[in-house]
Amino acid sequence: DVAGLSEGEILDMIRRLPVGYRTVFNLYAIEGKSHKEIAAELGIKESTSASQYLRAKKLLATRIKNYLKNTENEQD
C-alpha cells in the first residue's frame with residue numbers, strides 16, 4: 001500500500017501511462033535495467049530513456065496526488 005493506494009490501483013495507473021513512458025518505467029523501476037541497457041534494447045538514446053522515466057515518475061506522482069485529493073473530497 002503506497003500512499004493509501006492498493007497494488008491494483010497503482011498497477012492500473014502504470015498501465016495507463018503512455019506506451020513509451022510505461023515501457024521505460026517497467027524496464028527501469030520493475031525489472032531493474034540500467035538506462036544504458038534500456039537504450040540498447042529499445043534502440044533509443046540513454047538520455048531518452050532517462051527522460052522518459054522521469055516523465056513517467058512525474059506523471060504517476062501527479063495522478064496519485066489527484067486520486068488521493070479526489071478520494072479525500074468524496075469522504076468529506
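A residue counts as buried when its relative accessible area is under 20%. By that criterion, 22% of the 76 residues of the chain are buried. The model is predicted. Its accessible surface comes to about 5300 Å². Carbon and sulfur atoms hold 51% of that surface.

The fold is helical. Four helices and zero strands make up the secondary structure of the chain. The order from the N terminus is α-α-α-α. The C-alpha trace spans about 50 × 20 × 15 Å along its principal axes. Contacts were also sorted by sequence separation. Among those with a separation of 6 or more, 52% link residues 24 or more positions apart.

Helix α2 covers residues 19–30. Its geometry was checked against the expected rise. With 12 residues at 1.5 Å a residue, the helix should span 16 Å. The end C-alpha atoms are 15 Å apart, so the span of α2 agrees with expectation. Val24, Phe25 and Leu27 are the buried residues of this helix. After α2 comes Gly32, which has a positive phi near 75 degrees.

Phe25, in helix α2, has a relative accessibility of 10%. Phe25 is therefore classed as buried, since the cut-off is 20%. Beyond residues up to four places away in sequence, Phe25 touches Ile14, Leu17, Ile30, Tyr53, Ala56 and Leu60. One of these partners, Ala56, is 31 residues from Phe25 along the chain. The C-alpha atoms of Phe25 and Ala56 are nonetheless separated by 6.5 Å.

Helix α4 spans residues 46–75. Three of its residues were examined in turn: Ser49, Ala50 and Gln52. Ser49 has 0% relative accessibility and is buried. Its contacts, with residues up to four places away left out, are Val24, His35, Ile38 and Ile44. Val24 is itself one of the buried residues of α2.

Gln52 is also in α4. At 18% relative accessibility, Gln52 counts as buried because the limit is 20%. Outside its neighbours within four places in sequence, Gln52 is in contact with Gly20, Tyr21 and Val24. Val24 thus appears in the contact lists of Ser49 and of Gln52.

Ala50, likewise in α4, is partly exposed at 25% relative accessibility. Its value lies over the 20% limit, so Ala50 does not count as buried. Ala50 was also paired with Tyr28. The two residues are 22 positions apart in sequence, and their C-alpha atoms are 9.1 Å apart in space.

Charged groups were considered next. The chain has 12 positive and 11 negative charges. Their mean positions are 10 Å apart. Side chains of opposite charge can pair when their charged atoms come close. Three salt bridges are present in the structure.

One salt bridge pairs Arg16 with Asp12. The closest N and O atoms of this pair are 3.2 Å apart. Arg16 is partly exposed, with 46% relative accessible area. Asp12 is partly exposed too, at 33%. Both values lie between the 20% and 50% limits, which means that neither partner is buried or exposed.

The other pairs involve Lys33. Its side chain meets that of Glu31 in a salt bridge with an N to O distance of 4.0 Å. This pair is counted because the criterion is a nitrogen to oxygen distance within 4 Å. Lys33 also forms a salt bridge with Glu41, where the closest N and O atoms are 2.7 Å apart. Lys33 is partly exposed, with a relative accessible area of 24%. Glu41 is partly exposed at 45% relative accessibility. Glu31, Lys33 and Glu41 are joined into one network by salt bridges that share partners.

Conventions
Residues numbered from 1 in each chain as written. Predicted model: local features only at pLDDT ≥ 70, side-chain atom pairs only at ≥ 80, totals over all residues. Heavy atoms only, no water. Helix = DSSP H or I, 4+ residues; strand = E, 2+ residues; numbered from the N terminus. Buried < 20%, exposed > 50% of the residue type's maximum accessible area, 1.4 Å probe, protein only. Contact = heavy atoms within 4.5 Å. Areas by Shrake-Rupley, 256 points an atom, 1.4 Å probe, with all protein chains shown as cover. Lys, Arg positive; Asp, Glu negative; His and termini not counted. Charge placed at Lys NZ, Arg CZ, Asp CG, Glu CD. Expected span 1.5 Å × (residues − 1).
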